[in-house]
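Me: Hey, can you walk me through this protein? I'm new to this, so plain words please.

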Amino acid sequence: LYLEVVSVNNSTNSNSSLMTLTSGDENATEGSETGDTLSWSVIYRNLSGADLNQASIKITIPSDVEIVSVSKTPTRIDGKVLFYDLGTLAPGVQESIDLRTRVKETASIGNTLVFSSIVQYRDSANRTQSITSYMTTLVKNVGVTEGIKNNLFASIGDLFTSLWLIVLFLI
């Protein structure tokens, strides 16, 4: 699973925030299973030619997801919201916050999990700017689906075996 959302603020300069989500299951393009560990990053960069002052990031984790690890210690945590005070970002700076999270076993199949980040800063004209990025994944349970398929094929196989025996008996 690889999801990427890029938001760019073009009002006075070109800064961006990028979120990427990956899962160890390369076939998980349709969503994430309960119990899956998701590795993802919030990448922020200053593409302007000026300092960005009072920069901060707010990362919101869905309630059906638990945090396993974070590469940078948040300034503050409020429930499932991580706050980072970044200070001044010089021109050309690019950094990331890498997270590992796990979809709770109690997550409801079919729910959409929405991860979001908001980068806020003051530009060179001292105006507050913000960039929002988000990504989603659908909670699915392949194990149950595969189990249903396997039971169905096993039942059909049993039916054919029974029919074969009936055909042999008739001959």
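Reply: Sure. Let's begin with a side-chain pair: tryptophan 40 makes a polar contact with threonine 101 through their side chains, at 3.2 Å. Keep in mind that this is a predicted model.

Me: Where does tryptophan 40 sit?

Reply: Tryptophan 40 belongs to strand S4, which covers residues 37–45.

Me: And is tryptophan 40 buried or exposed?

Reply: Tryptophan 40 is buried, because its relative accessibility is 2% and the cut-off for buried is under 20%.

Me: How far is the C-alpha of tryptophan 40 from that of aspartate 98?

Reply: Those two C-alpha atoms are 5.8 Å apart, even though the residues are separated by 58 positions along the chain.

Me: OK, new topic. How many salt bridges does the structure hold?

Reply: It holds 3 salt bridges. One of them joins glutamate 66 and arginine 102, with 3.2 Å between the closest N and O atoms. That pair links distant parts of the chain, since glutamate 66 is in strand S6 (residues 65–70) and arginine 102 is in strand S9 (residues 94–103), 36 residues apart.

Me: How open to the outside are glutamate 66 and arginine 102?

Reply: Glutamate 66 is partly exposed at 31% relative accessibility, and arginine 102 is partly exposed at 30%.

Me: What does glutamate 95 form a salt bridge with?

Reply: Its partner is lysine 72, and the closest N and O atoms are 2.8 Å apart. Glutamate 95 lies in strand S9 while lysine 72 is in the loop between S6 and S7, so this pair ties together parts that are 23 residues apart in sequence. As for accessibility, glutamate 95 is partly exposed at 33%, and lysine 72 is partly exposed at 28%.

Me: And which residue does arginine 127 pair with in a salt bridge?

Reply: Arginine 127 pairs with aspartate 123, with the closest N and O atoms 3.1 Å apart. Here the partners contrast: arginine 127 is partly exposed at 38%, whereas aspartate 123 is buried at 2%.

Me: Let's switch to the sheet. What order do the strands of the open sheet have?

Reply: The open sheet has 6 strands in the order S3-S11-S10-S5-S8-S7, and the pairing is mixed.

Me: Which strands stand at the edges?

Reply: The edge strands are S3 (32–33) and S7 (76–78). Each has a single partner strand, so one side of each is left without a neighbour in the sheet.

Me: What holds strands together in a sheet, generally?

Reply: Strands of a sheet pair through backbone hydrogen bonds, in either a parallel or an antiparallel way.

Me: So in which sense do S7 and S8 pair?

Reply: S7 and S8 (residues 81–89) are antiparallel, with 3 bridges between them. For instance, isoleucine 77 has leucine 82 in S8 as its bridge partner.

Me: Last thing: what's odd about the phi of glutamine 54?

Reply: Glutamine 54 has a positive phi of about 50° although it is not a glycine. Glutamine 54 is in strand S5 (residues 52–60) and is exposed, with a relative accessible area of 57%.

Me: And what about the phi of asparagine 126?

Reply: Asparagine 126 also isn't a glycine, and its phi is positive, near 65°. Asparagine 126 is in the loop between strands S10 (112–122) and S11 (128–140). With a relative accessible area of 52%, asparagine 126 is exposed.

Definitions and conventions:
Residues numbered from 1 in each chain as written. Predicted model: local features only at pLDDT ≥ 70, side-chain atom pairs only at ≥ 80, totals over all residues. Heavy atoms only, no water. Pairing = 2+ DSSP bridges. Helix = DSSP H or I, 4+ residues; strand = E, 2+ residues; numbered from the N terminus. Buried < 20%, exposed > 50% of the residue type's maximum accessible area, 1.4 Å probe, protein only. Polar contact = N/O pair within 3.5 Å; in protein donor to acceptor, adjacent residues only side chain to side chain. Salt bridge = Lys/Arg side-chain N within 4 Å of Asp/Glu carboxyl O.
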